[in-house]
Amino acid sequence: MATDRDPSPAEARETLAQLSADAGAVRYPPLPRWFFAVQSLLVAGFFLAQLLPPDDAPKASIALALCAVVLGARYWIYRDDVSGVTPSLRDMRWYLAGILGVTLACVVVDATTDARWVWAVGAVVVATIVLWTGRTYVATYGRA
């Protein structure tokens, strides 16, 4: 906006509000209806992969993790007309804390008690966290 005068305070506020809305639209795009359902299945599968034989578990875990990362990158970080978005860790802190907390709890319980069934419980909990996050995300930012 090139002008010969300084903007009024109201014009400046309006411009800043529009810039903030534009940044939010890029950072938090509407996502397809199926996105969070598929991500919850991939994360749950990652947990269930820990129940596989020791030779197969790492391979399955890496494959599932890569699928989740590629899907997230394709539809959120590097989508059409966007070269890259930096997600706000502050906005994701409770989501990450929940997923990492469940993971840590499963690792500790499995290692100390050899109760491998804990991974099945963890899979249900993390899938629920992803689906709940998706529900909140869609309510806030919409769906594609």
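Which helix does S61 lie in? It lies in helix α3, the one that covers residues 57–77. I'll come back to S61 in a minute, but hello everyone, and let me first say that what you see above is a predicted model.

Let's start with the overall picture. The chain has five helices and zero strands, so if you read the elements from the N terminus on, you get α-α-α-α-α. There are 144 residues, and 30% of them count as buried. Now look at who touches whom along the chain. Take the contacts with a separation of 6 or more: 69% of those are between residues 24 or more positions apart. As for the outside, the chain exposes about 9700 Å², and carbon and sulfur atoms supply 67% of that area.

Back to S61, as promised. S61 is buried, because its relative accessible area is 7% and the cut-off for buried is under 20%. And what does S61 touch, once we leave aside its neighbours within four places in sequence? The contacts are F46, A49 and Q50.

Staying in helix α3, have a look at C67. For anyone thinking about cysteines, C67 is partly exposed, with a relative accessible area of 43%. Its C-alpha atom is 9.8 Å from that of V43, and those two residues are 24 apart along the chain.

Now walk on from α3 into the loop that leads to α4, and you find R79. Is R79 buried or exposed? With 14% relative accessibility, R79 counts as buried. The C-alpha atoms of R79 and P29 are 9.3 Å apart, with their positions 50 residues apart along the chain.

On to the aromatics, which I enjoyed going through. A search of the whole structure turns up seven aromatic pairs. One of them is F36 with Y137, a tilted pair with centres 5.5 Å apart and 50 degrees between the planes. This pair links distant parts of the chain: F36 sits in helix α2, residues 35–48, while Y137 sits in helix α5, and they are 101 residues apart. Both partners are under cover: F36 counts as buried at 13% relative accessibility, and Y137 is buried too, at 10%.

These two rings also have company. W34, F35, F36, Y75, Y137 and Y141 form one aromatic cluster. If you zoom in on Y75, you'll see a charge there as well: the charged end of R74 sits over the Y75 ring, 4.8 Å from its centre.

Next, salt bridges. Side chains of opposite charge can pair when their charged atoms come close. How many salt bridges does a search of the whole structure find? It finds two. One joins R5 to E11, with the closest N and O atoms 3.0 Å apart, and E11 is partly exposed at 28% relative accessibility. The other joins R116 to D110, where the closest N and O atoms are 3.1 Å apart. In that second bridge the partners sit in different settings: R116 is partly exposed, with a relative accessible area of 31%, whereas D110 is buried, at 13%.

Between D110 and R116 in the sequence there is a residue I'd like you to click on, D114. You'll find D114 in the loop between α4, residues 89–113, and α5. What is unusual about the backbone there? Most residues other than glycine have a negative phi. D114, though not a glycine, has a positive phi of about 60 degrees. D114 is exposed, with a relative accessible area of 59%.

Last stop, a bit further along. Which residues make the nonpolar surface patch of about 300 Å²? They are W117, V121 and V125. V125 belongs to helix α5, residues 118–141, and is partly exposed, with a relative accessible area of 35%. V125 can count towards the patch because patch residues need over 30% relative accessible area.

To wrap up, here is what to keep in mind when you turn the model around. It is a chain of five helices, with an aromatic cluster that includes F36 and Y137, two salt bridges, and a nonpolar surface patch made by W117, V121 and V125. Thanks for listening, and I'm happy to go through any of these spots together on the screen.

Technical notes. Residues numbered from 1 in each chain as written. Predicted model: local features only at pLDDT ≥ 70, side-chain atom pairs only at ≥ 80, totals over all residues. Heavy atoms only, no water. Helix = DSSP H or I, 4+ residues; strand = E, 2+ residues; numbered from the N terminus. Buried < 20%, exposed > 50% of the residue type's maximum accessible area, 1.4 Å probe, protein only. Contact = heavy atoms within 4.5 Å. Areas by Shrake-Rupley, 256 points an atom, 1.4 Å probe, with all protein chains shown as cover. Patch = residues over 30% accessible without salt bridge, like charges linked within 9 Å, V, L, I, M, F, W, Y side chains within 5 Å. Salt bridge = Lys/Arg side-chain N within 4 Å of Asp/Glu carboxyl O. Phe/Tyr/Trp six-rings, centres within 6.5 Å; stacked < 30°, edge-to-face > 60°. Lys NZ or Arg CZ within 6 Å of the ring centre and 35° of its normal.
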